Amino acid sequence: MALGETIRNSQIWKSIFRHPMPLDRRNRIVVMLTNFFLHLHPVSIKKQGIALSFTWCMGGVTFFLFLVETVTGVLLMFYYRPTLEWAYNDILALRDVTSLGILRELHRWGAHAMVITTWLHMYRVFLTGSYKPPREFNWVIGVILLLLTLLLSFTGYLLPWDQLAIWAITVGSNMARASPILGYEGPGQQLLTIGGIDMITDGSDARFGLLGARFVGEETLNRFYVLHCIAIPLAVALLLAIHFWRVRKDGGISGPL
Amino acid sequence: MHSNGLFLKDVAGFLGGYYTALAVMNAVAAYILWRRKHQTGWAIVWTAFASALMVLASLAMSGSAAWVPALPQAVRSLVNTLSGPVNYTAGTTALLLILFVFRKFFVQPMVAWTVLNGALVLMGLSMADENFASIVMKPDNVPIVGLVFLLAFFTWVATKQAVVNDERIAQGLPPMEKVNDEKVLVWPDLVYTELICMVGVTAFLLVWAILLQAPLEEPASSVKTPNPSKAPWYFLGLQEMLVYFDPWYAGVALPSMVIFGLMALPYLDFNKKGNGYYSIAERKFSYLTFQFGFLELWITLIILGTFLRGPNWNFFGPFEYWSPYKVEVLNNVDLPQMFWVNLLNRPLPRVAADAPWYAHVGTILLRESPGLLIMAAYMLLLPPLLAVTAFRNYFAKMGFIRYMVMINLMLLMLTLPLKMVLRWTLNLKYLISIPEFSLNF
Ligand code: HEM
C-alpha cells in the first residue's frame, strides 16, 4: 500500500487529478464535481434512475459503442485508402497481412451493435414514456441521432468496395432516383422544367447529389468516405453533447413525479 | 434439398457447443432456483431439461451425421409450404397480439424461460438444415438473430414491470419506480455500473470479432449484379415495402414520414400519465400504435426481407433452397383496369396524342377517378369522420392541427398493411397509376 500512497501523494499525480481518492463520502462528492469526465453526471441520483431494469444502460452502451467505433475507425484509417485502386486491396491486407487482424471485425460488429442498441434505447425511452414533457426535445434530438447512426452505418458499408458493398449502396441509393420532384424517375419531376429544359436529369437529381456521379463509382467512394469519417461523426458528437446536456437540464433520468 | 452429410459434419461441432451452452444456462438457472428462490420443483425440471440438452449435444458431436438432431424432413417441408408473405404477416401479427393480450401469463419468469428454451432448441434443430443455416450464418445476418432475441428479452423486461405497475396503479398504489426513489451517490453506484457495462461490452465485442470474420466478397464490379441484391439489413424492411409500393413511396415518402412521425410523437401524445415508469394500461393507444409500427411494420419486415427473400426477391420458406430459377406468377392488375375493363367492359379512357394539355389531364383524371376517389375519401373524409366518432375525445383534447397531424400520420402508416391486404385478396397492383408523371400508388 505504501507505494500506492507515495504515487498518490506525488506532485505529478496531484497535478492530474484535482481530488483525493474518492474513498469517503466527502471525496465521492468532490470527485464528481471536479473531474472533467465525471462532471457530466450529477453527484447523487435516484436509485431507480440507475437501475439496470429501468434504463437497460442502453444509452450508455450506445455511447460506448460510438467511442469504440471512433477509436477502431481512426486505426482503420491508417490502413485504408479510399480509391478504386486501393480500397479493396487495403481491406484484403487488413485481413491477411496485419497482425492481430480483428480491427475490421471490431469496427463492423460494433457498428451493427450500435444500430441495434440505438433502437433498443429508443424502445426503452418510449416504453417508460420518457419522451413526455419536459423531455420532448431531447427525444427529437434522439431521432436525429438515430438517423445519423443509420447514415454512418450506410456510408461505411461502401468502403470495403466489394460486391456486397457497391450493390447494397446501389440498391439503397436507387431510392433517391425516385424522390418526388427531385429524382429523375420520381413522380412530378417533369414539373421542374424551365424554358423547355428538363432540370432533373440523371446528372442533376437527388441521387446524383448523393453519389456524386450517375452510378456508384470513385466519386461516391470519396464522398461516402468523407461523410463517414468526418462529417457525420462530427455531427453526432455535437448532437450527443446536446443530448447529454439536455438529460441533465431536463431533470435527470425520468421517473414518476 | 441440398442437405448432405458433409454439411452436417461441419455444423456438428457448432451444435455440440450450442446445446452444451444451453445446458449450462439451464443448470445455472436450476441452481439459482434451488438455492436462492427455494423452488425445488422448478429446479428439478430445469436440471432434467439440462440433461436432455446434454444428450442432444452428445448426439450432435457423436461423429455421425445421421445422429445430429434435426427437424424431420416432413416438418420442414410442411413449414416451407405453409410459409408465404400472407401467412407470415398474419402469423406474426397474431403472435404479437396473443403475447399482448395474455401478457400477464407470459411475463411469469417460468413461462418466459420455457418460451426462451423452446425458441433456442427450435433454432438449434433448424440449424441442422443446410438451407436455413446458410442464410442465418451469413456474417452480416448474425446481428439480426441477436436483435430478435434482445428485443424479445427487453420486451419481456419492460412488460413484466408494466404489468406490476398497472396492477399497483389499479389498487391506488404508486408505480414501483416511485418506491425506489431514494437518492444514492453517483460514485460509486453509477460509475461502477458503467465500468462493468463497458468491460462487458468490450469482452462481448472481442469474442464476436474473434469468432466471426467480417465478410469480404469479390472486388466490386458494376457489371456483375448479384441476385438477390440487398440493401444493408436495417433497410430491408423498406426494401420489402417495394413489393407493394413504388420506390418514391416505399423508399422516400414513407421513411420521411416515419422520421417525421417519430419526431412529432412527443407533441402528439397529450396523455400526461405514464411519464417515467413502465405502464401499458395507462397509455394503451400510444403503446399499441408504437408497437404495431415498430415490431410489426419495421422489425418483422426486416426479418422477412433478410431471411425469407431470395433471388429475384421471391419468397422462400426458412428451409427452402434459394433457387434463382424459382418463378412466381405475377398477375397483378391496376385499379383502372379492374374498373373500366373488367367491370364496365370498356376500354380505358384515351386521348389523341396531339390533343391540348388540358384534355390530357382530364383524361388522366377520368381514367384514374376510381383510385383518386378512394384516396380522397381515405385522406380527406376519414379524418373529419373519425373526429366526430371514434376519436371524438382525442379531437377535443388535441385541437385541430395536432389532431390532423396525428390522424394523417396514422392513415399513412396504415397504407402499408392495407395495400398488403389488397394485394393478397384482389391482386391489386396500383390504386392509381399515372405513368405519364411516374406517379404510381
Ligand atoms: C447515438 C445514439 C444515442 C446515444 C449515444 C444516446 C445516449 C443517451 C444516454 C446515455 C442517455 C441517458 C439515459 C440512458 O442511458 O437511457 C439518454 C437519454 C435519453 N435519450 Fe438517448 N441516445 C441516443 C439516441 C437516442 C434516440 C434514438 C432517442 C429517441 C428517439 C433518444 C432519446 C432519449 C431521451 C428522451 C432520453 C432521456 C430519457 C430519460 O430521461 O429517461 N436517444 N440517451
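The following paragraphs describe a predicted model with at least two chains, A and B, and a ligand that holds an iron atom.

Local features of this predicted model are reported only at pLDDT of at least 70 and side-chain atom pairs only at pLDDT 80 or more, whereas totals for chains, interfaces and linings use all residues. Residues are numbered from 1 along each chain as its sequence is written, chains are lettered from A and ligands numbered from 1 in the order in which they are written, and side-chain values use heavy atoms, with hydrogens and water left out.

Chain B contains 18 helices and three strands, where helices (H or I, at least four residues) and strands (E, at least two) are DSSP runs numbered from the N terminus. Along the principal axes, its C-alpha atoms fill a box of roughly 85 × 60 × 40 Å. Of its 441 residues, 46% count as buried; buried denotes under 20% relative accessible area, exposed over 50%, and partly exposed the range in between, with a 1.4 Å probe and protein chains only. The accessible surface of chain B amounts to about 22700 Å², and carbon and sulfur atoms contribute 72% of that area, as computed by the Shrake-Rupley method with a 1.4 Å probe, only the protein chains shown counting as cover for residues. Among the contacts in chain B with a separation of 6 or more, 71% join residues 24 or more positions apart, a contact being heavy atoms within 4.5 Å.

In chain A, the iron atom of the ligand is coordinated by NE2 of His121(A) and NE2 of His243(A), at 2.0 to 2.1 Å; donors are N, O and S atoms within 2.8 Å of the metal (3.2 Å for Na, K and Ca), and because water is not among the atoms, sites may look incomplete. The site is octahedral, with angles of 86 to 178 degrees among its six donor atoms. His121(A) belongs to helix α7 (residues 103-127) and His243(A) to helix α11 (residues 218-249), so the pair ties together parts of chain A that are 122 residues apart in sequence. Six donors count as octahedral if opposite donors are over 155 degrees apart and all others between 65 and 115, and the ideal angles for such an arrangement are 90 or 180 degrees. His243(A) is buried, at 13% relative accessibility.

Helix α11 of chain A also carries Leu239(A), which is buried with a relative accessible area of 15%. Not counting residues up to four places away in sequence, Leu239(A) touches Ile141(A), Ile144(A), Leu145(A) and Leu148(A). By contrast, Leu239(A) and Leu191(A), 48 residues apart in sequence, are separated by 37 Å from C-alpha to C-alpha. Helix α5 of chain A, comprising the 22 residues 58-79, reaches 31 Å from its first C-alpha to its last, close to the expected 32 Å, the expected span being 1.5 Å times one less than the number of residues. Its buried residues include Met58(A), Val61(A), Phe64(A), Leu65(A) and Phe66(A).

In chain B, Trp46(B) lies in helix α2 (residues 40-60) and is buried, with a relative accessible area of 5%. Residues up to four places away in sequence aside, Trp46(B) touches Asn26(B), Ala30(B), Leu33(B), Met110(B), Trp113(B), Thr114(B) and Asn117(B). Thr363(B), in helix α15 (residues 357-367), is likewise buried, at 14% relative accessible area, and with the same sequence neighbors left out it touches Pro349(B), Arg350(B) and Val351(B).

No disulfides are counted over all chains, a disulfide being a pair of cysteine sulfur atoms within 2.5 Å. For Cys57(A), which is in no disulfide, the nearest cysteine sulfur is that of Cys197(B), 3.3 Å away. Cys57(A) is buried at 13% relative accessibility, whereas Cys229(A) is partly exposed at 22%.

Several backbone features complete the description. The peptide bond from Trp187(B) to Pro188(B) is cis, with omega near 10 degrees, and Pro188(B) lies in helix α10 (residues 186-211) of chain B. Another cis peptide bond joins Asn227(B) and Pro228(B), with omega about 0 degrees, and Pro228(B) is found in the loop between α10 and α11 (236-241) of chain B. Ile181(A), although not a glycine, has a positive phi of about 65 degrees; this residue is in the loop between α9 (163-177) and β2 (193-194) of chain A and is partly exposed at 34% relative accessibility. Asn427(B) has a positive phi near 55 degrees, lies in the loop between α18 (400-426) and β2 (433-434) of chain B, and is partly exposed at 31%.

Key. Tetrahedral: all angles 85-135°; square planar, octahedral: opposite > 155°, others 65-115°.
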